[in-house]
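Please open the model in your viewer and keep the selection panel at hand. The stops below are meant to be followed in order.

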Amino acid sequence: MTAGVDLGPKAQAIGSDEDVVRVRQLVRTVAVAAKLSLVDQTKLVTAASELARNTLIYGGGGGAEVTVVEDGRRRGVRVVFADSGPGIPDLELALTDGYTTGGGLGLGLSGARRLVDDFDIQTAVGEGTRITVTKWSR
Ligand SMILES: Nc1ncnc2c1ncn2[C@@H]1O[C@H](COP(=O)(O)OP(=O)(O)OP(=O)(O)O)[C@@H](O)[C@H]1O
Ligand SMILES: [Mg+2]
């Protein structure tokens, strides 16, 4: 299980609203540098913003790491969010539109999944949550 906050040295801490804003700005900067289209930049930034907020609110804080990735023919931007919070007991339920345990709209996780190309969640109750999203250039 690799949930929990074991991110690299360039990881950004997420412990406050200001940190969420900082992560959002960093994702935008890296997405521009990686030459994602304006629409794809916005999709990734929106997804990252929702996931950073979840890391703060539900994960009790954690971290995010933003990297440029290449797969041989495409360049992309990958963002990993990790926390050592309570974990998500029922992932399918958590990914259902409208499901919230916190009085939100319950659209953050499901929306984020739709906005990116690759979406992976590792979570374990009592250990934490690690979500990896990637948006590829096209
Ligand atoms: N990092 C996390 N750790 C633990 N639980 C989480 C985490 N992220 C999401 N969840 C759980 O998944 C539920 C759904 O998340 P989602 O982002 O879709 O909705 P929300 O945050 O409640 O509302 P919204 O994002 O629309 O304001 C949350 O209510 C919470 O129970
Ligand atoms: Mg949310």
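**Salt bridges, then the ligand**

Across this predicted model, ten salt bridges are counted. To look at one of them, select D19 and R22, whose side chains meet in a salt bridge with a distance of 2.6 Å from N to O. Side chains of opposite charge can pair when their charged atoms come close. If you show the backbone here as well, you will find D19 and R22 in helix α1 (residues 17–33), where they are separated by about one helical turn because they lie three residues apart.

Next, select ligand 1 and display the protein around it. The space that ligand 1 takes is the largest pocket, and 19 residues surround the ligand, the closest being N54, Y58, T100, T101 and L107. Colouring this shell by class shows seven nonpolar, ten polar and two charged residues. Helices α2 (38–57) and α4 (108–115) can be picked out too, since each supplies at least two residues of the shell.

Now go through the polar atoms of ligand 1 individually. Select D83 to see an N or O atom of its side chain 2.9 Å from a nitrogen atom of ligand 1. Then turn to the backbone, where a polar atom of G106 is 2.9 Å from an oxygen atom of ligand 1, and a polar backbone atom of G108 is 3.2 Å from an oxygen atom of the ligand. As a last view, put a surface on ligand 1: taken alone the ligand exposes 590 Å², of which the protein buries 89%.

Notes
Residues are numbered from 1 along each chain as its sequence is written. Chains are lettered from A and ligands numbered from 1 in the order in which they are written. This is a predicted model: local features need pLDDT of at least 70, side-chain atom pairs count only at pLDDT 80 or more; totals for chains, interfaces and linings use all residues. Side-chain values use heavy atoms; hydrogens and water are left out. A residue is near a molecule or strand if one of its heavy atoms lies within 4 Å of it. A polar contact is a pair of N or O atoms within 3.5 Å; within protein, one must be able to donate a hydrogen and the other to accept it, and residues adjacent in sequence count only if both atoms are side-chain atoms. Accessible areas come from the Shrake-Rupley method with a 1.4 Å probe; for residues, only the protein chains shown count as cover. On a 1 Å grid over the protein atoms alone, a cavity is a set of points where a 1.4 Å probe fits but cannot get out, and a pocket is an open set with protein on both sides within 12 Å along at least five of seven lines; lining residues have an atom within 4 Å of a point. A molecule sits in a cavity or pocket if more than half of its atoms lie within 2 Å of its grid points. Helices (H or I, at least four residues) and strands (E, at least two) are DSSP runs, numbered from the N terminus. Ala, Val, Leu, Ile, Met, Phe, Trp, Tyr, Cys and Pro count as nonpolar, Asp, Glu, Lys and Arg as charged, and the others, Gly among them, as polar. A salt bridge is a side-chain nitrogen of Lys or Arg within 4 Å of a carboxyl oxygen of Asp or Glu.
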